[in-house]
Amino acid sequence: MKISFLASLFLFLLWGCSSQPPLPLPTARTPLGPLQAQAVPEVYGLRIDVDRIPPGQDQLANDLKSAVSTAPSIDPSQYSWVGVNMGNGLFLDSNGNLAVNLVSLYHLADQFRILEKVSALVPYEVRFERSGRDFQRAGGGASLPDVKAVFNDGEIDLNFPDASTQPSIFLDHGVTYDGHGLMNAGQLRLKQEKENFVTVPALLGSFNYYVKRSDRADYGARFIVEKKGDILFIKHPGMLSNSAPIQYELTSDGCAFLDRNGRLHTIVKAGNKITYSVNGNVERTFEIVSGGTEVTPAPTAKP
């Protein structure tokens with residue numbers, strides 16, 4: 001009888017914990033900018049995942065070998081180096097990984113030295129440094145490969161350990177990732193057809209990223225984004241009507257979003273420190289050691 005009572009009490013407490021309502025989004029939000037669809041490269045990796053594709057579903061191999069089992073949120077092996085700037089600090093890579101791009105969110109200048117600290121079973125420190133044409137990401141132990149990039153006019157050349165090729169990104173009316181494989185293997189082009197309209201040629205036709213109207217944008221087969229007031233509602237096409245969408249907002253010092261499981265993510269910048277937390281628990285911090293001064297973004301034509 002005693003065991004049965006204790007078991008019942010445990011199940012009651014477990015049910016009570018699991019049924020806690022999700023934390024709300026902060027109410028001190030700031031106005032959103034326009035929805036965008038701009039083909040861009042993203043090689044720094046200064047990203048905070050909003051919605052990540054399941055392992056093994058990436059469509060474009062990036063040759064980046066890593067095994068960050070203790071901190072999968074920073075494992076870049078399934079990231080694509082190219083994708084679409086959605087505006088408001090959001091970036092969707094060509095593999096379908098949706099993230100907050102810290103460089104875009106905070107309009108950071110392209111000369112910086114940033115130190116990231118990751119709270120994990122084995123804590124990581126990763127260095128990001130852009131000086132002149134050269135960029136390097138280093139640190140994080142042997143399981144997180146170093147990345148180097150050289151920015152030339154209209155071209156970004158990538159270099160990292162154990163790569164079968166030395167890939168490049170070409171900037172010309174969009175972006176083209178070229179893995180320099182045989183018969184153009186590993187090549188992907190995102191063509192900027194017009195303002196806020198990107199096409200990606202595929203075997204059977206093409207798929208598109210585009211702003212449909214000022215309050216709605218379609219991003220390939222991955223996301224539909226609706227702008228309602230100062231909140232973005234991000235959902236997968238065809239998802240059930242009772243499925244919770246991702247909710248995203250801008251704040252005076254960063255952004256916040258509710259993921260599909262109702263967890264509250266916040267990104268806050270105070271001075272030279274950026275803090276990323278989930279349900280109030282600090283997950284990662286970024287210290288801007290030098291550079292990174294915020295710059296005024298270029299004007300963007302409204303759709």
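Asp-49 is buried, because its relative accessible area is 14%, which falls under the limit of 20%. The structure in which Asp-49 appears is a predicted model. Asp-49 forms a salt bridge with Arg-52, and the closest N and O atoms of the two are 2.8 Å apart. Arg-52, for its part, is partly exposed, with a relative accessible area of 23%. This salt bridge therefore joins a buried residue to a partly exposed one.

The protein as a whole may now be considered. Its secondary structure comes to two helices and 24 strands. The protein has 303 residues, of which 45% are buried. Among contacts between residues at least 6 apart in sequence, 49% join residues at least 24 apart.

The salt bridges deserve a fuller account. Side chains of opposite charge can pair when their charged atoms come close. How many salt bridges are counted here? The count comes to 13 salt bridges. One of them is formed by Glu-42 and Arg-47, with the closest N and O atoms 2.5 Å apart. Both Glu-42 and Arg-47 are buried.

Another salt bridge is formed by Arg-260 and Asp-51, with the closest N and O atoms 3.1 Å apart. This pair links distant parts of the chain, since Asp-51 is in strand E3 and Arg-260 is in the loop between strand E21 (254–258) and strand E22 (264–270), 209 residues apart. Arg-260 counts as partly exposed because its relative accessibility is 41%. Asp-51 is buried, with a relative accessible area of 7%. Elsewhere, salt bridges that share partners join Arg-216, Asp-218, Glu-226 and Lys-228 into one network.

Arg-260 also has a partner in space that is described by C-alpha atoms. Ala-244 and Arg-260 are 16 residues apart in sequence, and their C-alpha atoms are 5.7 Å apart. Ala-244 is placed in the loop between strand E19 (231–235) and strand E20 (246–251). With a relative accessible area of 41%, Ala-244 is partly exposed.

A further loop residue is Ala-221, found between strand E17 (216–219) and strand E18 (223–228). Is Ala-221 buried or exposed? Its relative accessible area is 73%, so Ala-221 is exposed. The C-alpha atoms of Ala-221 and Asn-208 are separated by 8.2 Å, and these residues are 13 residues apart along the chain.

Not every charged residue has a salt bridge, and Asp-178 provides an example. Asp-178 is found in strand E13, which comprises residues 174–178. This residue is buried yet has no salt bridge, and the nearest side chain of opposite charge, that of Arg-189, is 11 Å away. A salt bridge requires the relevant atoms to lie within 4 Å. What does the side chain of Asp-178 contact instead? It makes a polar contact with the side chain of Gln-187, at 3.4 Å. Leaving aside residues up to four places away in sequence, Asp-178 touches Pro-167, Ser-168, Phe-170, Gly-186 and Gln-187.The aromatic rings form another topic. A pair of aromatic rings is described by the distance of the centres and the angle of the planes. A search of the whole structure finds six aromatic pairs. In one of them, the ring centres of Trp-81 and Phe-160 are 5.8 Å apart and the planes stand at 20 degrees, so the pair is stacked. Trp-81 lies in the loop between strand E3 (47–51) and strand E4 (82–87), and Phe-160 in the loop between strand E11 (155–159) and strand E12 (168–171), so the pair ties together parts that are 79 residues apart in sequence. Trp-81 counts as buried, at 7% relative accessibility, and Phe-160 is buried too, with a relative accessible area of 4%.

The rings of Phe-207 and Tyr-209 have their centres 5.9 Å apart and their planes at 65 degrees, so this pair is edge-to-face. Phe-207 counts as partly exposed, at 34% relative accessibility, whereas Tyr-209 is buried, with a relative accessible area of 4%.

Ring pairs also link Tyr-44, Phe-112, Phe-135 and Phe-151 into a cluster. Over the ring of Phe-151 sits the charged end of Arg-130, 3.9 Å from the ring centre. Similarly, Lys-228 lies over the face of Phe-233, at 5.2 Å from the ring centre. Lys-228 is also one of the residues in the salt-bridge network with Arg-216, Asp-218 and Glu-226.

Conventions. Residues are numbered from 1 along each chain as its sequence is written. This is a predicted model: local features need pLDDT of at least 70, side-chain atom pairs count only at pLDDT 80 or more; totals for chains, interfaces and linings use all residues. Side-chain values use heavy atoms; hydrogens and water are left out. Helices (H or I, at least four residues) and strands (E, at least two) are DSSP runs, numbered from the N terminus. Buried means under 20% relative accessible area, exposed over 50%, partly exposed in between (1.4 Å probe, protein chains only). Lys and Arg count as positive and Asp and Glu as negative; His and the chain ends are not counted. A polar contact is a pair of N or O atoms within 3.5 Å; within protein, one must be able to donate a hydrogen and the other to accept it, and residues adjacent in sequence count only if both atoms are side-chain atoms. Contact means heavy atoms within 4.5 Å. Rings of Phe, Tyr and Trp (its six-membered ring) pair if their centres lie within 6.5 Å; planes under 30 degrees apart count as stacked, over 60 as edge-to-face and the rest as tilted. A charge sits over a ring if NZ of Lys or CZ of Arg is within 6 Å of the ring centre and within 35 degrees of the ring normal.
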